[in-house]
Every structure is written in C-alpha cells, then in structure tokens.
Amino acid sequence: MNNIEIIASGDKWIGDGIIPTMSAITELIDNSEDSLIMTIYVLTSDLIFDKIHSALKRGVEIEIFIYFNEDYLNLINKLKKLSDSYNYCKIHILDEEFIHSKIIISDRSKLLIGSANFSRRAFFSNYELGVFIDDSHIAFELEKVIKRLL
C-alpha cells in the first residue's frame, strides 16, 4: 500500500484501486509484527476474531478498546478469555464511554480508520469508507488520543 489508501465496502465502491475493507483489516492484522491497538464498537466477524487470535499466537501485543453492549456479551467473553490466556493482550471494556470509532494501529506505524464495524454486514452489505495510512507520526498521535480513555 502507498502512504494513504482509500478502503471501502459496497459493490459500487470497490474496484479501480479502492481496497475492500475486510481485506485491508485482515492484511493489517496478518502483517503486524509487534503491536496492535484497536478501537471497536461491534466485532461479530469470526474471521477478524481468528486473525486477532493468530496475531497473539505470533507474539503480537494487542490492546483492544471495545464498547460494552449486552447484545455482544458472548464476543466480549471470548475476548476476555484471550486476555486471560495471553499476558500481552489487554481488553478494555468501556461502559461509561460510548466508543464508536473503528481504528486499528499496527506496529505504531500503520493505521486504518473507517466507518465499518468489524462485522459481516459492514464488509459485505453496507457502504462503508475508510483510509489506510502508513505514517508513524500520525499513528503515535492517534495512539495518545486513544489512551486517554484509560
């Protein structure tokens, strides 16, 4: 990917150099070597959960900020189990702050910001937009903003 790339979901938006959202997310997680920081509103995609688990198995340090929603309690419990199994996996469940951002920062240098939840519907039914940015300064500044939630 170049320095900044547009990512999207929705049949009419993908193509002509526009990268599909799901492909961008899975590639970013798969290529992470040291760390991942994620803000999540909804995560219902088993594929993304499996990619997170694979990254942990590779030794990637992961920190996830997720909004507490009783409708997705099963997933939150699965994330908690990952955190219990890997001491370098931190899950922050936010119930007072309404986190709606969808951000992934990889290796403190690459980031993805978009409107898509990490769900099958967002990847294949909705029209969602985002950007992939390869810039360590922006990644560093965004990480500082996210950590204000702690």
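In this predicted model, strand E4 (61-67) and helix H3 each contribute at least two residues to the lining of the largest cavity. The full lining is made up of Tyr-41, Val-42, Leu-43, Ile-66, Tyr-67, Asn-69, Tyr-72, Leu-75 and Ile-76. Sorted by class, these lining residues are 8 nonpolar and 1 polar, with no charged residue among them. The space inside the largest cavity comes to about 30 Å³, and a search of the whole structure for cavities of 30 Å³ or more returns 1.

Helix H3 (residues 73-85) also has helix H2 (residues 46-57) as a partner, and the axes of the two come within 11 Å and cross at roughly 10°. Angles under 35 degrees count as roughly parallel, and H2 and H3 are therefore described as roughly parallel to each other. On the H2 side, the contact is formed by Asp-46, Phe-49, Ile-52, His-53 and Leu-56, and on the H3 side by Leu-75, Lys-78, Leu-79 and Leu-82. By class, this contact of H2 with H3 holds 6 nonpolar residues, 1 polar residue and 2 charged residues. Leu-75 is a handy residue to find in the viewer, as a part of the H2 contact and also of the cavity lining.

Turning to the other helix pair, helix H1 (residues 21-31) packs with H2 at an angle of about 15°, and their axes are 9 Å apart. H1 is therefore roughly parallel to H2, and the crossing of H1 past H2 is left-handed. From H1, the residues Met-22, Ile-25, Thr-26, Ile-29 and Asp-30 take part, and they meet Leu-47, Ile-48, Lys-51, Ile-52 and Ala-55 of H2. The contact of H1 with H2 divides into 7 nonpolar, 1 polar and 2 charged residues. Within H2, Ile-52 is worth a look too: this residue belongs to the contact with H1 and to the contact with H3.

Methods
Residues numbered from 1 in each chain as written. Predicted model: local features only at pLDDT ≥ 70, side-chain atom pairs only at ≥ 80, totals over all residues. Heavy atoms only, no water. Axes fitted to C-alpha atoms, helices over the stretch in contact; angles between N-to-C directions. Helix = DSSP H or I, 4+ residues; strand = E, 2+ residues; numbered from the N terminus. Parallel < 35°, antiparallel > 145°, perpendicular 65-115°, else oblique. Contact = heavy atoms within 4.5 Å. Nonpolar A, V, L, I, M, F, W, Y, C, P; charged D, E, K, R; others polar. 1 Å grid on protein atoms, 1.4 Å probe; cavity = no way out; pocket = protein on both sides within 12 Å on 5 of 7 lines; lining within 4 Å. Points joined across faces, edges and corners; volume = space filled by probe spheres on them. Left-handed = near helix turned anticlockwise from the far one by under 90°.
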